[in-house]
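Let's take a walk through this one together, going from where the chains meet to the aromatic rings and the nonpolar cores.

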Amino acid sequence: MAFGQDLRRARAIMWKDLTTERRSKAGFNAVAFLGVLILLLFGFALGPDTEALREAAAGALWLAILFSGVLAFNRSYQLELDGGALEPLLLYPAPRWTIFAGKFGANLLFVLLVEAIVVPVAIILFQVKSTTGWGSAAGVMVLGSIGFVTLGTFYASMASRSRAREVLLPLLLFPMLIPVLLASVESSNALLAGNPMRDAGAWVQLLVAFDVIFVVASFLAFDHVIEV
Amino acid sequence: MSRRVTPESNRLTVTGSGRSLEWFGLVALVALIAAQVLAVLTSPPERDMGHLQKILYVHVPAAWNAFMAFFVVAIASLMYLWKGRERHDLLAASAAEVGTVFTGLTLALGSIWGRPTWGIWWTWDPRLTSTAVLFLVFVGYLSLRSFVEDADQRAQWSAAVGLLGALNVPIVYMSVRWWRTLHQMQSNPSTVDPEYVIGLRSNGIALLLVLIYFILKRYRAARMERLVEHMAERAALEGRDRA
């Protein structure tokens, strides 16, 4: 039952991170409001033309999620680094990937909750009108978030322990996320335009492939980056 | 952190005066000049582009060799994660620096060529865009290296980042291609007129020599830097000031 025990360890780490966050809510409030603020700024930058706003909605939404969510990842290691708790965590007799799995789970839930606030605001602000495709669009959100959070959690494990972590994380992360951004925006657009057959399928496949490749690669590489 | 690494197998050495490397550099320079002269003399002005086409003799070989450099980064990173030897890390770093310069050269020359040919400096063409993304991924790699002081950390982390970056190259390329399918074929010996092939091939080889020279030169310098750091560390541990 070693694997079951590992999963319990991962869940314990995830629960610890979520509890810390729930007790203060400071990180969540800041990130969610930053997301809303970025959406507002996009609205101002793109002008009041309803049609233009509607077309840019998916792109603006995803950029708001990326720019606000990226602030959450360093935080998830920062609390431990400040408290000198990372080394004790590494000393526990358990595989290292359980730490990554726990942090990944906590960050994923965090980002999904932020999206639960930011997405409705985007729909209202950008006057997205669609009668179809909401279910599939939500699925695309989840797939995109998995890719985003996997690499975000992975790179933050390094960036949070370096100098200049605030600038290093986006610098490392955003170029890697271009396939996620393209696939999420394009497939949301295709789905919400009420034409799910257009080309959403290929994009969703790309998202799934990206998620699988980088979840596996991050889990494998995490052992190497956390031990030093 | 020493997995399967003995001090013996991990020892860095810098031997010789480096004069043979300088001779190699001279050969590379001469080869580059000869290839350029050959290419410019043998190729007629192109029908649409005229002599503007000559820029391809640097642009295309630079792109080929940039990919070659990133291939070296990926292999050396993998070797480092596998064996844990410092020299693989230093080789990856050297190749990444040179590859980034070559990628920048490719992008800049492409832009200079694109302005009179397409009428625009930049187009969101898949090849262009994914080259720019590759450039940014490795700029991130190099800034990670400069932001981390501890040598072991720097080596482990940049090996992971280099590998993930290399893994992403085909995915980025595919996604950008689906996003924008309005583009032209890349230039290689099978898509250009035979009159231009010899110029492209010879410049490809000449620039490969330059690439190898740059990487070896940088690798030598990197090993020297690390050796000095090791000496300083040893001196500090032994309580002597040998500097």
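Between chain B and chain A there is 1 salt bridge. Keep in mind that the model is a predicted one. The partners are A:Arg163 and B:Glu149, whose side chains come together at 2.6 Å, N to O, and that sits inside the 4 Å allowed for a salt bridge.

Now zoom out to the whole interface. On the chain B side 31 residues are in contact with 32 residues of chain A. Together the two chains bury about 2700 Å², and carbon and sulfur atoms give 78% of that area. If you want to know who does the covering on chain B, look at B:Phe147, B:Trp157 and B:Leu164: they supply 25% of what chain B buries against chain A, more than any other three residues.

B:Leu164 is a handy bridge to the next stop, as it is one of the residues that A:Leu151 touches. Leaving out residues up to four places away in sequence, A:Leu151 also touches A:Leu173, A:Met176, A:Leu177, A:Phe210, A:Phe214 and A:Ser218. A:Leu151 is worth the visit: along with A:Phe154 and A:Tyr155, it has the most contacts inside the largest nonpolar core, a set of 96 residues. Helix α3 of chain A, residues 50-82, gives the most to this core, with 13 residues. There's a second, separate core too, with 9 residues, among them B:Ile55, B:Leu56, B:Tyr57 and B:Leu109.

A:Phe154 and A:Tyr155 turn up again once you follow the rings. Ring pairs link them with A:Phe3, A:Trp97, A:Phe100, A:Phe104, A:Phe219 and A:Phe222 into a cluster.

How many aromatic pairs does a search of the whole structure find? Over all chains, the number is 15. Take B:Phe70 and B:Phe138: their ring centres are 3.9 Å apart and their planes meet at 20°, so this pair is stacked, the limit for that label being planes under 30 degrees apart. The pair ties together distant parts of the chain, with B:Phe70 in helix α2 (residues 56-83) of chain B and B:Phe138 in helix α4 (residues 126-147), 68 residues apart. Are these two buried or exposed? B:Phe70 is buried, with a relative accessible area of 6%, and B:Phe138 is buried at 1%.

B:Phe138 has another ring partner, B:Tyr141. Here the centres are 5.9 Å apart and the planes are at 55°, so the pair is tilted. Both residues lie in helix α4 of chain B, 3 residues apart, or about one turn of the helix. B:Tyr141 counts as buried because its relative accessibility is 1%, and the cut-off for buried is under 20%.

Back in helix α2 of chain B, you'll also find B:Ala66. B:Ala66 counts as buried because its relative accessibility is 3%. What does B:Ala66 touch, not counting residues up to four places away in sequence? The answer is B:Gly99, B:Phe102 and B:Thr103. B:Ala95 is 29 residues from B:Ala66 in sequence, and their C-alpha atoms are 9.2 Å apart.

Last, a couple of charges over rings. In chain B, the charged end of B:Lys83 sits over the ring of B:Trp82, 4.5 Å from its centre. The charged end of B:Arg223 sits over the ring of B:Tyr219, at 4.4 Å from the ring centre.

Key:
Residues are numbered from 1 along each chain as its sequence is written. Chains are lettered from A and ligands numbered from 1 in the order in which they are written. This is a predicted model: local features need pLDDT of at least 70, side-chain atom pairs count only at pLDDT 80 or more; totals for chains, interfaces and linings use all residues. Side-chain values use heavy atoms; hydrogens and water are left out. Rings of Phe, Tyr and Trp (its six-membered ring) pair if their centres lie within 6.5 Å; planes under 30 degrees apart count as stacked, over 60 as edge-to-face and the rest as tilted. Helices (H or I, at least four residues) and strands (E, at least two) are DSSP runs, numbered from the N terminus. Buried means under 20% relative accessible area, exposed over 50%, partly exposed in between (1.4 Å probe, protein chains only). A charge sits over a ring if NZ of Lys or CZ of Arg is within 6 Å of the ring centre and within 35 degrees of the ring normal. A nonpolar core is a set of buried Ala, Val, Leu, Ile, Met, Phe, Trp, Tyr and Cys residues joined through side-chain atoms within 4.5 Å. Contact means heavy atoms within 4.5 Å. Buried area is the accessible area (1.4 Å probe) that two parts lose on being put together, summed over both.
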